[in-house]
Amino acid sequence: MTATTTATVTLTGAGGQIGYALLFRIASGQLLGPDTRIRLNLLEIPAGLGSAEGAALELSDAAFPLLDAVSVTDDAGTAFDGANVALLVGSRPRGPGMERADLLAANGAIFGPQGAALNAGAASDIRVVVVGNPANTNALIAAANAPDIPRERFTALTRLDHNRAVGLLAGKLAVPAGEIDGVTIWGNHSATQYPDLSHATASGKPVLDLVDESWVHEEYIPRVANRGAEIIEVRGSSSVASAASATIDHVHDWVNGHRGRWTSVALPSDGSYGVPDGLVSSFPAESVDGAWRIVDGLDVDEFSRDRIDRSVAELATEREQVQALGLL
Ligand SMILES: NC(=O)c1ccc[n+]([C@@H]2O[C@H](COP(=O)([O-])OP(=O)(O)OC[C@H]3O[C@@H](n4cnc5c(N)ncnc54)[C@H](O)[C@@H]3O)[C@@H](O)[C@H]2O)c1
Ligand SMILES: O=C(O)C[C@H](O)C(=O)O
């Protein structure tokens, strides 16, 4: 098949762990599909430039047919110039014993200037996904600093939580992950998130008919919501390959659509499901004609309402904290 379009993809934190896991999948065509040629702009801080430059040498050595060019810079204006897709990964990860919100002050300051640089130079069809934590509120900061870019182009990654929710459920039911549908992550990419099985099916059967409510409430929900901490405890540092894989899924599905199933995306709220306007909160979403659309009309029972409200309240608190830090 002939590759017909060319896209500029900007990756921040390209010298880091997730960056390294992402680069080769982007360059091989897994991010945007086999019909799109890729120009890669890699942004790092000076201390990370060597690592990013080394990765660029390896990309050359992989001779990817779709990869037209790779540039490495520590200047955000240069990196985001003409960007069609921006993967905002660059930021500090948490260590054992930390919550993601502990990173607000350290990482929040990165996203205002990057939002402004996107506003100044990105292509008119720019799509942004924030991976760096705390991802939802960092996306809020970036969007607030990019007044000329429609806010719905700023998203944060909860696809990793979604994939975890699907994977753990598939394991419990001993079915392939592809048989699971209708799972939603609501709220924040944090331990307050709500992995919701109310509308989930496995091979077409309602999941809540197949598992005990006590398992869902006492084991499943806390396990999914705390999976990031579990990974840190077991491997000694935060998730990398699964985070990169979820980032690829998020952008691929955003651009190309996704087989009539919904997924979970943290998006600036339009007030849907009682989530205050503007908060970047995770919703069930479908990609329609290249834009995320929140799945509407789902029944929300009392348990779900309470869990959504708790996570959204945390997002509102994070917004107040970054306002107090002068980042909004
Ligand atoms: N949303 C999610 O699901 C999810 C999942 C896993 C990790 N994360 C987050 O992703 C982030 C990156 O994780 P990692 O394991 O790759 O960390 P890492 O420390 O290996 O890499 C981060 C890289 O970012 C670079 N960096 C720092 N500030 C930068 C800036 N202003 N501009 C450009 N680059 C900058 C660093 O030099 C480093 O190379 C962390 O915040 C982590 O918590 C999010
Ligand atoms: O949990 C972390 O700090 C890293 C990442 O957000 C994850 O969910 O694995």
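Is Gly132 buried or exposed, going by its C-beta neighbours inside 10 Å? Let's start there and work through this predicted model together.

**Exercise 1. Classify Gly132 and describe its surroundings.**

*Solution.*
- Step 1: place the residue. Gly132 sits in the loop between β5 and α5 (135–144).
- Step 2: apply the cut-off. A residue is buried if 20 or more other C-beta atoms lie within 10 Å of its own. Gly132 has 28 C-beta neighbours inside that distance, so it counts as buried.
- Step 3: look at the contacts. Setting aside neighbours within four places in sequence, Gly132 is in contact with Gly13, Leu88, Val89, Gly90, Ser91, Asn107, Ile110 and Asn138.

**Exercise 2. Follow the contact from Gly132 to Asn107, and find what UniProt says about the two.**

*Solution.*
- Step 1: find Asn107 in the fold. Asn107 belongs to helix α4.
- Step 2: judge its burial. Asn107 has 23 C-beta neighbours inside 10 Å and therefore counts as buried.
- Step 3: list its partners. Beyond residues up to four places away in sequence, Asn107 touches Ser91, Arg92, Gly132, Asn133 and Asn138.
- Step 4: turn to the record. An unreviewed UniProt entry has a "binding site" annotation whose residues include Gly13, Asn107, Gly132 and Asn133.

**Exercise 3. Which residue does UniProt list for "active site", and what surrounds that residue?**

*Solution.*
- Step 1: read the annotation. The unreviewed UniProt entry lists His189.
- Step 2: locate it. His189 is in the loop between β8 (184–186) and β9 (194–196).
- Step 3: check burial. With 31 C-beta neighbours inside 10 Å, His189 is classed as buried.
- Step 4: collect the contacts. Not counting residues up to four places away in sequence, His189 touches Arg100, Ala135, Asn136, Ala156, Leu157, Thr158, Asp161 and Ala266.

**Exercise 4. Work out how helices α6 and α9 are arranged, and which residues meet.**

*Solution.*
- Step 1: take the geometry. The axes of α6 (residues 159–173) and α9 (residues 241–256) come within 8 Å and cross at roughly 105°.
- Step 2: name the arrangement. Angles of 65 to 115 degrees count as roughly perpendicular, and α6 and α9 are therefore roughly perpendicular to each other.
- Step 3: name the residues. From α6, Arg159, Leu160 and Asn163 meet Ser242, Ala243, Ala246, Asp249 and His250 of α9.
- Step 4: sort them by class. This contact has three nonpolar, three polar and two charged residues.

**Exercise 5. Compare the pairing of β1 with that of β12.**

*Solution.*
- Step 1: take β1. Strand β1 (residues 5–12) runs parallel to strand β2 (residues 36–43), and eight bridges join them. Within this pair, Ala7 has Ile38 of β2 as its bridge partner.
- Step 2: take β12. This strand pairs with β13 (residues 280–288) in the antiparallel sense, over six bridges. Here Leu267 stands opposite Ser281 in β13.
- Step 3: add burial. In β1, six of the eight residues are buried, and the strand is mostly covered. In β12 (residues 263–268), six of six residues are buried, so the strand is largely enclosed by the rest of the structure.

**Exercise 6. Why does one side of β7 and of β11 lack a neighbour in their sheet?**

*Solution.*
- Step 1: write down the order. The sheet is open, with three strands in the order β7-β10-β11 and antiparallel pairing.
- Step 2: find the edges. β7 (180–181) and β11 (205–206) stand there with a single partner strand each, so one side of each has no neighbour in the sheet.
- Step 3: inspect one pair. Strand β10 (residues 201–202) is joined to β11 by two antiparallel bridges, and Lys205 in β11 is the bridge partner of Ala202.

**Exercise 7. Contrast the burial of two loop residues, Ala122 and Leu66.**

*Solution.*
- Step 1: start with Ala122, found in the loop between α4 (104–121) and β5 (127–130). It has 24 C-beta neighbours inside 10 Å and so counts as buried. Outside its neighbours within four places in sequence, Ala122 is in contact with Phe80, Ala83, Ala86 and Ile149.
- Step 2: move to Leu66, in the loop between α2 (49–62) and β3 (67–73). Leu66 has 19 other C-beta atoms within 10 Å, so it is partly exposed.

Terms used
Residues numbered from 1 in each chain as written. Chains lettered and ligands numbered in written order. Predicted model: local features only at pLDDT ≥ 70, side-chain atom pairs only at ≥ 80, totals over all residues. Axes fitted to C-alpha atoms, helices over the stretch in contact; angles between N-to-C directions. Helix = DSSP H or I, 4+ residues; strand = E, 2+ residues; numbered from the N terminus. Parallel < 35°, antiparallel > 145°, perpendicular 65-115°, else oblique. Contact = placed C-beta atoms within 7 Å. Nonpolar A, V, L, I, M, F, W, Y, C, P; charged D, E, K, R; others polar. UniProt positions renumbered as here; feature names shortened; annotations may be inferred. Buried ≥ 20, exposed ≤ 12 C-beta atoms within 10 Å, placed from the backbone. Pairing = 2+ DSSP bridges.
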